[in-house]
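I am opening my notebook on this structure, and I want to write down, entry by entry, what I looked up in it.

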Protein chains: 2
Amino acid sequence: MLETSPLAVPFPEMPDIDGVTLRLAHARYKDWDRADLTFVALEEGTHVAGVFTRNICCSTEVEMGREQIKQGQARGLIVNAGNANAFTGARGREAVEAIMAQVSDYLECPKERVFVSSTGVIGVPLPKDRAEAGVRSILTASPCSWRDAAQAITTTDTFPKGATASAIVDGRSITLSAIAKGSGMIAPDMATMLGYIFTDAAIAPAFLQQLLSDANSGSFNCITVDSDTSTSDTVLLFATGKAGNAPLTSYDDPGADAFASALKQVCEDLAHQIVRDGEGASKFIAVQVSGAVDNASARQIGLAIANSPLVKTAIAGEDANWGRVVMAVGKAGQPADRDQLAIRFGNQWVAREGRAIDDYDEALATAHLKQPEVEIGVDIGLGDGRATVWTCDLTHGYISINADYRS
Amino acid sequence: MLETSPLAVPFPEMPDIDGVTLRLAHARYKDWDRADLTFVALEEGTHVAGVFTRNICCSTEVEMGREQIKQGQARGLIVNAGNANAFTGARGREAVEAIMAQVSDYLECPKERVFVSSTGVIGVPLPKDRAEAGVRSILTASPCSWRDAAQAITTTDTFPKGATASAIVDGRSITLSAIAKGSGMIAPDMATMLGYIFTDAAIAPAFLQQLLSDANSGSFNCITVDSDTSTSDTVLLFATGKAGNAPLTSYDDPGADAFASALKQVCEDLAHQIVRDGEGASKFIAVQVSGAVDNASARQIGLAIANSPLVKTAIAGEDANWGRVVMAVGKAGQPADRDQLAIRFGNQWVAREGRAIDDYDEALATAHLKQPEVEIGVDIGLGDGRATVWTCDLTHGYISINADYRS
């Protein structure tokens, strides 16, 4: 059993969402005694949006999910933990189709309204018999809490992850409750883990997708643990419509901004929790890039810094080795001018105009790095582009976890 | 003091090169008692070619070297160890210019024929006084051996690196002797460390550059330790012409292919030694990609595999977790079809056509991974493109070395 991350945060109080019911089962996808099959029943009329990994060797679940999203309706969600069912060929697909058939029979809905996600080991077909037995037991199980569901979808996570927010839309109080899992094989350029966001707001499917894509780009797509990109990453946003507001259809609708803001808050919160549970993480690192030629360039530079093993190990060693930050900026493949660069740790600027600041106080920079939350600021000095990328340090813990994951 | 890499190879017997003299000094760039300043005197008429890092935050030495290479002549080389003099502004440049002036005065040659390289910590200006004192003492020092010079240019290396080869050109026996350093901040898309290759062959400058660029693309540009790209990487090829052959001017000249082949052998040998000394390395990994749409695509896929922390930790754990190889192929951003992929460890194919081979013997794959030299084969199944990329595993040793490098 892995020790809980020192950066863990407590699971929040999470309100129920009208139209959403959670249930669990022990499918025993691995040799463990824990809930590893989660079922979310969604009432008729629920709309759904999704973002998925861009890894082209993606799982069957992701391939199917991408297709299913197009019709915009959802009635059920099944999440399997411990087996990613990726790269498993026809056998893997059979298991997913069996699950969809079972659940859609039970819910009396079209199969494509049942979404399936699986994470865990790659290359082992999801055992169809265990999945079917698990689903059979789950359909009649008692409802469970958000916390229990958040725990059941985890694999190598060391703490369950949840987030909630609310907004006023069309005079109604609407609520978002969300859970996520992920701690390794985390890199952006796509959704980066499993995340499920539920709201009682009424939102038209096309706008729901736009809202999710926008929230995703500044949250899940701005985190990285190890630069590796999962075959299974999925974020789904379900809107049951039970709050009874006039359905939102665009950013011009009153309340749309309030909803977007609440959604962004939930996505950032979950994204940060995933970084806080980064495999072996001892530091939560925010890389703030300013002065790039545009925001996309700032994000690429931020990712080059956040993914650099040498930067990440320096932070692990609480070493204000800003030279490694310079190196990472230089390899990002983005416009930068060495002699314009400025770098800070926390509030302590250590370099400006391409060289160390003569009288900078390394002790202050080092003191900042001794804290569990670290900020690296880089000003490129060329334009107005800015971005923040979040990551964690690279420690012995990452090696220990990943050099012996399967056994 | 770091323990010698378990993958180290013995330093070879290296013949002298007519026209090349090596000398050492203790400049004390760090608080250590070892030779850290290397001087190579080259006789009049020596031609030079070079390849340099593409990191845009490169050092002054690299900026100047790129310019100097254009005139094609060399008389001296100074290599500083322990201080990269990168990101040090005007003060860093002054130190380099002082060294060039001192050495060119001594050799009575134009300044631009004196090449300077520095590696080590980034961001600390090269101490001009120590450099000058070191150079003063070195100019009158006794000649040293290849092995001593190879040792003096190292920083975090755990063994000195040398390689030699010979060829017959124009009826003359010509010789190549070469030294290199590097064990971290190693990634391709440029020269990847410091490497100096000396030959007594007579070769015209333009062709010398072509020969080096060609040899570099399949050797130093096909290795990676940690995906990080140094600000200082440099490979220089010096040809004294003392062998007396009719100067080579193109691949059409008799003997040019023999020389190119010997050069390639030396570059590959040194490149492999750098990987063998990868920080914390316990396994030497060859990633062989075939069936890609073209060779460049195969190299990108190979690099995605070789740079994946999850692949590298799996190999460290001797775990035949080929799912992580699939993941890395999928994130490479290159054409691939999950359902055409085939993967092997050593000679043991483990996956074909997008799924595990039913009766593959995992024990055989695991047995292969228990060896210090590991081969990962990936067939993309789309075309004829192929490439081999070399890397090492990611272990606790890497974290230990890099979480506390400066102190």
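Before anything else I fixed a term: a salt bridge is a side-chain nitrogen of Lys or Arg within 4 Å of a carboxyl oxygen of Asp or Glu. I also note that what I have in front of me is a predicted model.

Entry on salt bridges. With that term in hand, I noted that A:Glu44, A:Arg75 and A:Arg113 are linked in a network of salt bridges. I then searched the whole structure, and over all chains the search gave 34 salt bridges.

I looked up a few pairs one by one, beginning in chain A, where A:Lys161 and A:Asp157 form a salt bridge whose closest N and O atoms are 2.8 Å apart. Are these two residues buried or exposed? I needed the cut-off here, since buried means under 20% relative accessible area. A:Lys161 has a relative accessible area of 0% and is therefore buried, and A:Asp157, at 8%, counts as buried as well.

In chain B, I found that B:Asp277 forms a salt bridge with B:Lys161, with 2.6 Å between the closest N and O atoms. This pair links distant parts of the chain, for B:Asp277 sits in the loop between α6 (256-276) and β11 (284-292) of chain B, while B:Lys161 belongs to strand β6 (residues 161-169), and the two are 116 residues apart. Both B:Asp277 and B:Lys161 are buried.

I set beside this the salt bridge between the side chains of B:Arg93 and B:Glu97, at 3.4 Å from N to O. Both residues lie in helix α2 (residues 89-107) of chain B, four residues apart, which is about one turn of the helix. B:Arg93 counts as partly exposed at 35% relative accessibility, and B:Glu97 is partly exposed too, at 33%.

Entry on the nonpolar core. Which residues touch the most other members of the largest nonpolar core? Of its 91 residues, they are A:Val329, A:Phe345, B:Val329 and B:Phe345. I followed A:Val329 further and, leaving aside neighbours within four places in sequence, I listed its contacts, among them A:Ile301, A:Leu341, A:Val378 and, from chain B, B:Cys57.

Entry on the two copies. I laid chain B on chain A by a turn of 180 degrees and a shift of 0.0 Å along the axis, with an RMSD of 0.0 Å. The two copies are thus related as by a two-fold rotation axis. The same surface serves both copies, as 98% of the contact residues of chain B recur in chain A. Of the residues of chain B, B:His396 comes closest to the rotation axis, its C-alpha being at 2.8 Å.

Definitions and conventions:
Residues numbered from 1 in each chain as written. Chains lettered and ligands numbered in written order. Predicted model: local features only at pLDDT ≥ 70, side-chain atom pairs only at ≥ 80, totals over all residues. Heavy atoms only, no water. Core = buried A, V, L, I, M, F, W, Y, C linked by side-chain atoms within 4.5 Å. Buried < 20%, exposed > 50% of the residue type's maximum accessible area, 1.4 Å probe, protein only. Contact = heavy atoms within 4.5 Å. Least-squares fit on C-alpha atoms with pLDDT ≥ 70 in both.
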